[in-house]
Amino acid sequence: MSIGRFRYRIILDCVNHAGYTVCMRNGEYELVKAPDGYPGKKYRGRYCYEHHLVWWETTGSIPGDGEIIHHKNGKKRDNRYENLELQDHKEHSRYHTSQRGRLVATIKCPFCGEVFEREARLTHVRKRKVSMTFCSRICIGKFFKRGVKIPKQEKDKIAENSIVSIETKIGG
Ligand SMILES: [Zn+2]
Ligand SMILES: [Zn+2]
């Protein structure tokens with residue numbers, strides 16, 4: 001949610017659904033004029049996130065360090081209180097990771113032929129420094145202990161042929 005990453009888009013006097021005057025957008029987030037006495041973080045001295053303002057007006061508190069206000073329906077401009085939920089950073093990123101789904105590779109071990117599933121980011125499908133993926137350390141050891149230098153081209157071929165499927169799995 002770092003505000004520095006986006007360029008503000010200034011929209012003056014655009015009153016949104018909730019009656020707030022939207023002053024700027026930061027990516028998908030809307031910033032509105034902070035009212036007097038607003039204790040939360042202000043940007044350029046007078047703007048604040050609309051969802052923070054709605055939260056504060058309804059609950060009387062602002063999110064603390066390590067807390068985030070999550071948009072339940074995923075629409076970051078839907079800042080109705082019913083759409084907001086306070087989460088800690090950890091649970092929040094865990095939630096979004098599970099929503100996006102994990103990319104899972106099904107691989108046939110190039111040494112023993114066993115078919116297994118592994119998160120793609122832990123295999124050569126995604127991990128840069130890994131040239132092939134084996135079912136176990138034992139198979140890695142046995143494969144490379146043969147003492148035969150395998151040309152990169154052949155390694156790539158073995159790696160390519162070992163992929164049975166790659167799919168996104170939601171949840172879990
Ligand atoms: Zn969220
Ligand atoms: Zn194996």
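Trainee: Hi! Before I count anything, what qualifies as a helix or a strand here?

Mentor: Helices are DSSP runs of H or I with at least four residues, and strands are runs of E with at least two, numbered from the N terminus. On that basis this predicted model has four helices and nine strands.

Trainee: Nice. What order do they come in, from the N terminus on?

Mentor: The protein reads β-β-β-β-α-β-β-α-β-β-α-α-β.

Trainee: How far can I trust the coordinates? What's the mean pLDDT?

Mentor: The mean is 83, and 85% of the residues reach 70 or more. Confidence is lowest in strand β1 (residues 9–15), with a mean of 52, and highest in helix α4 (residues 152–162), at 94. Over residues 1–9 the pLDDT is below 50, and that stretch has eight contacts in the model beyond near neighbours in sequence.

Trainee: What should I do with a low-pLDDT region, then?

Mentor: Where pLDDT is low, the predicted coordinates should not be read in detail.

Trainee: Got it. Switching to sheets: what's the strand order in the open sheet of three strands?

Mentor: The order is β8-β7-β9, and the pairing is antiparallel. β8 (115–119) and β9 (163–169) are the edge strands, each pairing on one side only. On average, neighbouring strands of this sheet are turned by 20° against each other, ignoring direction.

Trainee: How many bridges join β7 to β8, and how many join β7 to β9?

Mentor: Five bridges join β7 (residues 102–108) to β8, and six join β7 to β9.

Trainee: Can you give me a residue to click on? Which partners does threonine 106 have, in β8 and in β9?

Mentor: In β8 its bridge partner is glutamate 117, while in β9 the partner of threonine 106 is serine 165.

Trainee: And the hairpin of β7 and β8: which glycine there takes a positive phi?

Mentor: Glycine 113, with phi near 85°; the hairpin has six residues between the strands. Glycine 101, just after α2, also takes a positive phi, of about 90°.

Trainee: Since you mention α2, what end-to-end distance should I expect for that helix?

Mentor: Helix α2 (residues 89–100) has 12 residues, so at 1.5 Å a residue it should span 16 Å; the end C-alpha atoms are 17 Å apart, which agrees. Remember that the expected span uses one less than the number of residues.

Trainee: How many of the residues in α2 are buried?

Mentor: Zero of its 12 residues, so to speak: α2 is hardly covered. Across the protein, buried residues make up 16% of the 172 residues.

Trainee: Which residues form the largest nonpolar core, then?

Mentor: There are 10 of them: Met24, Leu31, Val32, Ala34, Tyr47, Cys48, Tyr49, Leu53, Trp55 and Trp56. The elements giving two or more residues to this core are β3 (29–33), β4 (47–49) and α1 (50–59).

Trainee: One last pick: histidine 71. Is it buried, exposed or partly exposed, and why?

Mentor: Histidine 71 is partly exposed, because 17 other C-beta atoms lie within 10 Å, and a buried residue would need 20 or more. Histidine 71 sits in strand β5 (residues 67–71).

Trainee: Which residues is histidine 71 in contact with, leaving aside neighbours within four places in sequence?

Mentor: Lys76, Asp78, Asn83 and Leu84. You could also look at leucine 86, which is 15 residues from histidine 71 in sequence and 9.1 Å away in space, C-alpha to C-alpha.

Definitions and conventions: Residues numbered from 1 in each chain as written. Chains lettered and ligands numbered in written order. Predicted model: local features only at pLDDT ≥ 70, side-chain atom pairs only at ≥ 80, totals over all residues. Pairing = 2+ DSSP bridges. Axes fitted to C-alpha atoms, helices over the stretch in contact; angles between N-to-C directions. Contact = placed C-beta atoms within 7 Å. Core = buried A, V, L, I, M, F, W, Y, C linked by C-beta atoms within 7 Å. pLDDT = per-residue confidence, 0-100.
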